[in-house]
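Here are some notes to read alongside the model. They go point by point, so dip in wherever you like.

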Amino acid sequence: MSEPTSNDRTWAALSWLPVTPLWPLMAVLALVMEGTKDRPFVRYHAILSLATGVAAIILTLITLGLGALVFFVFFYWAYKAYGGEMVEVPVVSNFVRGQGWV
């Protein structure tokens, strides 16, 4: 994979922004926009963000709200993505790779 550009890092970070309705919207936009949909770095972060968000929502429902604390970690992952790093989310990263989504 080539070095992520500034635009790649920005869209990857925006894909992780939680606690607002923009979280899934930004990730989906990154997956469908012409300039970003074919960029591996952006695609990886957008898909991983969506999968992690779905898992966090399920965890929140099961734990009667305590799982919502996971969404605060999204800010850290957004910071790492903006820094050009590949984020590794326990369990979810391996699941996403195993499904062939990234």
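1. Let me start with Ala-81, which is buried because its relative accessible area is 0%, where the cut-off for buried is under 20%. Keep in mind throughout that this is a predicted model. Ala-81 belongs to helix H4. Leaving out residues up to four places away in sequence, Ala-81 touches Arg-9, Ala-12, Ala-13, Trp-16, Phe-41, His-45 and Val-87. One of these partners, His-45, is 36 residues away along the chain, and its C-alpha atom is 7.5 Å from that of Ala-81.

2. Now the core. Which residues have the most contacts inside the largest nonpolar core? They are Trp-16, Leu-48 and Val-89, in a core of 26 residues. The elements giving two or more residues to this core are helix H1 (6–15), helix H2 (22–32), helix H3 (40–62), helix H4 (70–82) and helix H5 (92–99). H3 gives the most, with 8 residues.

3. Leu-48 deserves a closer look. Once its neighbours within four places in sequence are set aside, Leu-48 is in contact with Trp-16, Val-87, Val-89, Val-92, Ser-93 and Val-96. Trp-16 and Val-89 also stand beside Leu-48 in the list of residues with the most contacts inside the core, and Trp-16 is among the residues that Ala-81 touches.

4. On to helix packing, with H1 against H3. The two pack at an angle of about 5°, and their axes are 8 Å apart. H1 and H3 are therefore roughly parallel to each other, as angles under 35 degrees count that way. The contact is split by class into 5 nonpolar, 3 polar and 2 charged residues. From H1 come Asp-8, Arg-9, Trp-11, Ala-12 and Ser-15, and they meet Phe-41, Val-42, His-45, Ala-46 and Ser-49 in H3. Arg-9, Ala-12, Phe-41 and His-45 are among the residues touched by Ala-81 of point 1.

5. H3 also packs on H5, and here the geometry is worth checking on screen. The two axes come within 10 Å and cross at roughly 120°, which makes H3 oblique to H5. The crossing of H3 past H5 is right-handed. By class, this contact has 7 nonpolar, 2 polar and 1 charged residues. H3 brings Tyr-44, Ile-47, Leu-48, Ala-51, Thr-52 and Ala-55 to meet Val-92, Ser-93, Val-96 and Arg-97 in H5. Leu-48 itself is in contact with Val-92, Ser-93 and Val-96, among others.

6. Two loop residues next. Is Thr-36, at 1% relative accessibility, buried or exposed? Thr-36 counts as buried, and it is found in the loop between H2 and H3. Not counting residues up to four places away in sequence, Thr-36 touches Asn-7, Trp-11, Leu-29, Ala-30 and Val-42. Trp-11 and Val-42 also take part in the contact of H1 with H3.

7. The other loop residue is Val-91, in the loop between H4 and H5. At 67% relative accessibility, Val-91 counts as exposed. What I'd look at is its backbone: phi of Val-91 is near 70°, a positive value in a residue other than glycine.

8. Thr-60 is a residue of helix H3. With a relative accessible area of 17%, Thr-60 is buried, since the cut-off is under 20%. Apart from residues up to four places away in sequence, Thr-60 touches Gly-65, Gly-67, Ala-68 and Phe-71. Tyr-82 is 22 residues from Thr-60 along the chain, and 26 Å separates their C-alpha atoms.

9. Last, Phe-72 in helix H4. This one is an exposed aromatic residue: the relative accessible area of Phe-72 is 54%, and exposed means over 50%. Ala-81, found in H4 as well, is buried at 0%. The C-alpha atom of Phe-72 lies 9.5 Å from that of Leu-17, a residue 55 places away along the chain.

Note on methods. Residues are numbered from 1 along each chain as its sequence is written. This is a predicted model: local features need pLDDT of at least 70, side-chain atom pairs count only at pLDDT 80 or more; totals for chains, interfaces and linings use all residues. Side-chain values use heavy atoms; hydrogens and water are left out. A nonpolar core is a set of buried Ala, Val, Leu, Ile, Met, Phe, Trp, Tyr and Cys residues joined through side-chain atoms within 4.5 Å. Buried means under 20% relative accessible area, exposed over 50%, partly exposed in between (1.4 Å probe, protein chains only). Helices (H or I, at least four residues) and strands (E, at least two) are DSSP runs, numbered from the N terminus. Contact means heavy atoms within 4.5 Å. Axes are lines fitted to C-alpha atoms, for helices over the stretch in contact, and angles run from 0 to 180 degrees between N-to-C directions. Angles under 35 degrees count as roughly parallel, over 145 as roughly antiparallel, 65 to 115 as roughly perpendicular and the rest as oblique. A crossing is left-handed if the near helix is turned anticlockwise from the far one by less than a right angle, and right-handed if clockwise. Ala, Val, Leu, Ile, Met, Phe, Trp, Tyr, Cys and Pro count as nonpolar, Asp, Glu, Lys and Arg as charged, and the others, Gly among them, as polar.
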